[in-house]
Amino acid sequence: MVTESIKEKFDNRPYPPPSNVISVLQRLRTRNLPERIDTEYLRDAAVPEGTIARTLFAIRFIGLINESNEPSEPLKSIHTSTAEEYQKILSGLIRESYKDIFNVVDPSKDSQDRILNIFRRYKPASQRNRMVIFFLGMCREAGIPTLDIPKARPMLENSASKRGRGSIPIKESDTNPALDGLIRSLPKPGKCL
């Protein structure tokens, strides 16, 4: 569980992709439990380099490791738990870690936008959407019902030019972005190169 000193120390909430923490949990359930869960362990678990620090903070925040990065008692229980026990233990950790949020909203009845409004008290402001996505993703993993499936952050219209892609607008697509760019660069049908 998160100690009050950790909660008081941070005025933010975790915001890595929930899939990072979920894949680490799955790895911890299927392999030997290490003595420490640190940046090296997360690298070995294939957590993307750019999200390692955020993922480590999230794992600590929800009470899976202590301040020395050693597995907590709940994590030791998760390591040997059945699927039903896993969700029960994780649900308890999520409810305890986010009790300030659960005191105000019910993710099974409140929309993602309403939950986002509660997260306005946390910093950095630019990551609040990701904080909510992480919260809802972990609720779902723990078997806590949610009204909304976590929605990705909306893409800003002018972000294409910021990323050096000229004036080609970025649209959400099921296609890989690299392939999408290649397709857009092809000549129109009937035109010669």
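Q: How are α6 and α9 oriented to each other, roughly parallel or roughly antiparallel?
A: In this predicted model, the axes of α6 and α9 come within 8 Å. They cross at roughly 150°. Angles over 145 degrees count as roughly antiparallel. α6 and α9 are therefore roughly antiparallel.

Q: Which residues of α9 make the contact with α6?
A: Both helices contribute residues to this contact. From α6 come Tyr-86, Gln-87, Leu-90 and Ile-94. From α9 come Met-138, Cys-139, Arg-140 and Glu-141.

Q: How many residues in the contact of α6 with α9 are nonpolar?
A: The residues can be sorted by class. One is polar and two are charged. The nonpolar residues number five.

Q: Which residues does Ile-94 touch beyond its neighbours within four places in sequence?
A: Ile-94 belongs to the α6 side of the contact with α9. Two of its partners, Met-138 and Cys-139, are on the α9 side of that contact. The full list for Ile-94 is Ile-62, Phe-102, Met-138, Cys-139, Ala-142 and Ile-144.

Q: Which helix gives the most to the largest nonpolar core?
A: The largest nonpolar core has 44 residues. Those with the most contacts inside it are Leu-25, Leu-42, Ile-94, Tyr-98, Phe-119, Phe-135 and Met-138. At least two residues each come from α2, α3, α4, α5, α6, α7, α8 and α9. With seven residues, the helix that gives the most is α9.

Q: Is Phe-102 buried or exposed?
A: Phe-102 lies in helix α7, residues 99-102. Its relative accessibility is 18%. The cut-off for buried is under 20%, so Phe-102 counts as buried.

Q: Which residues does Phe-102 touch, not counting residues up to four places away in sequence?
A: Ile-94 is one of its partners. Arg-95 and Pro-107 are also among them. The full set is Ile-94, Arg-95, Pro-107, Phe-135, Cys-139 and Ile-144.

Q: How many Å apart in space are Phe-102 and Ile-115?
A: Along the sequence, Phe-102 and Ile-115 are 13 residues apart. The spatial value runs C-alpha to C-alpha. It is 9.8 Å.

Q: How are α2 and α4 oriented to each other, roughly parallel or roughly perpendicular?
A: The axes of α2 (residues 18-30) and α4 come within 10 Å. They cross at roughly 65°, and the crossing is right-handed. Angles of 65 to 115 degrees count as roughly perpendicular. α2 and α4 are therefore roughly perpendicular.

Q: How many residues in the contact of α2 with α4 are charged?
A: Asn-20, Val-21 and Val-24 in α2 meet Thr-55, Ala-58 and Ile-59 in α4. Four of these residues are nonpolar and two are polar. The number charged is zero: there are no charged residues.

Q: Is Asn-69 buried or exposed?
A: Asn-69 sits in the loop between α4 (52-61) and α5 (73-79). It has a positive phi of about 65° although it is not a glycine. Its relative accessible area is 9%. The cut-off for buried is under 20%, so Asn-69 is buried.

Q: Which residues does Asn-69 touch, not counting residues up to four places away in sequence?
A: Leu-56 and Arg-60 are among the partners of Asn-69. The others are Glu-35, Arg-36, Ile-37 and Asp-38.

Q: Is Ala-46 buried or exposed?
A: Ala-46 lies in the loop between α3 and α4. Its phi is positive, about 70°, although Ala-46 is not a glycine. Relative accessibility is 62%. Exposed means over 50%, so Ala-46 counts as exposed.

Q: Is the peptide bond from Lys-123 to Pro-124 cis or trans?
A: Pro-124 is found in the loop between α8 and α9. The bond from Lys-123 to Pro-124 has omega near -5°. That bond is cis.

Q: How many helices are there in the protein?
A: The elements run α-α-α-α-α-α-α-α-α-α-α from the N terminus on. There are zero strands. The helices number 11.

Q: What percentage of the residues count as buried?
A: The protein has 193 residues. The share that counts as buried is 41%.

Definitions and conventions. Residues are numbered from 1 along each chain as its sequence is written. This is a predicted model: local features need pLDDT of at least 70, side-chain atom pairs count only at pLDDT 80 or more; totals for chains, interfaces and linings use all residues. Side-chain values use heavy atoms; hydrogens and water are left out. Helices (H or I, at least four residues) and strands (E, at least two) are DSSP runs, numbered from the N terminus. Buried means under 20% relative accessible area, exposed over 50%, partly exposed in between (1.4 Å probe, protein chains only). Contact means heavy atoms within 4.5 Å. Axes are lines fitted to C-alpha atoms, for helices over the stretch in contact, and angles run from 0 to 180 degrees between N-to-C directions. Angles under 35 degrees count as roughly parallel, over 145 as roughly antiparallel, 65 to 115 as roughly perpendicular and the rest as oblique. A crossing is left-handed if the near helix is turned anticlockwise from the far one by less than a right angle, and right-handed if clockwise. Ala, Val, Leu, Ile, Met, Phe, Trp, Tyr, Cys and Pro count as nonpolar, Asp, Glu, Lys and Arg as charged, and the others, Gly among them, as polar. A nonpolar core is a set of buried Ala, Val, Leu, Ile, Met, Phe, Trp, Tyr and Cys residues joined through side-chain atoms within 4.5 Å.
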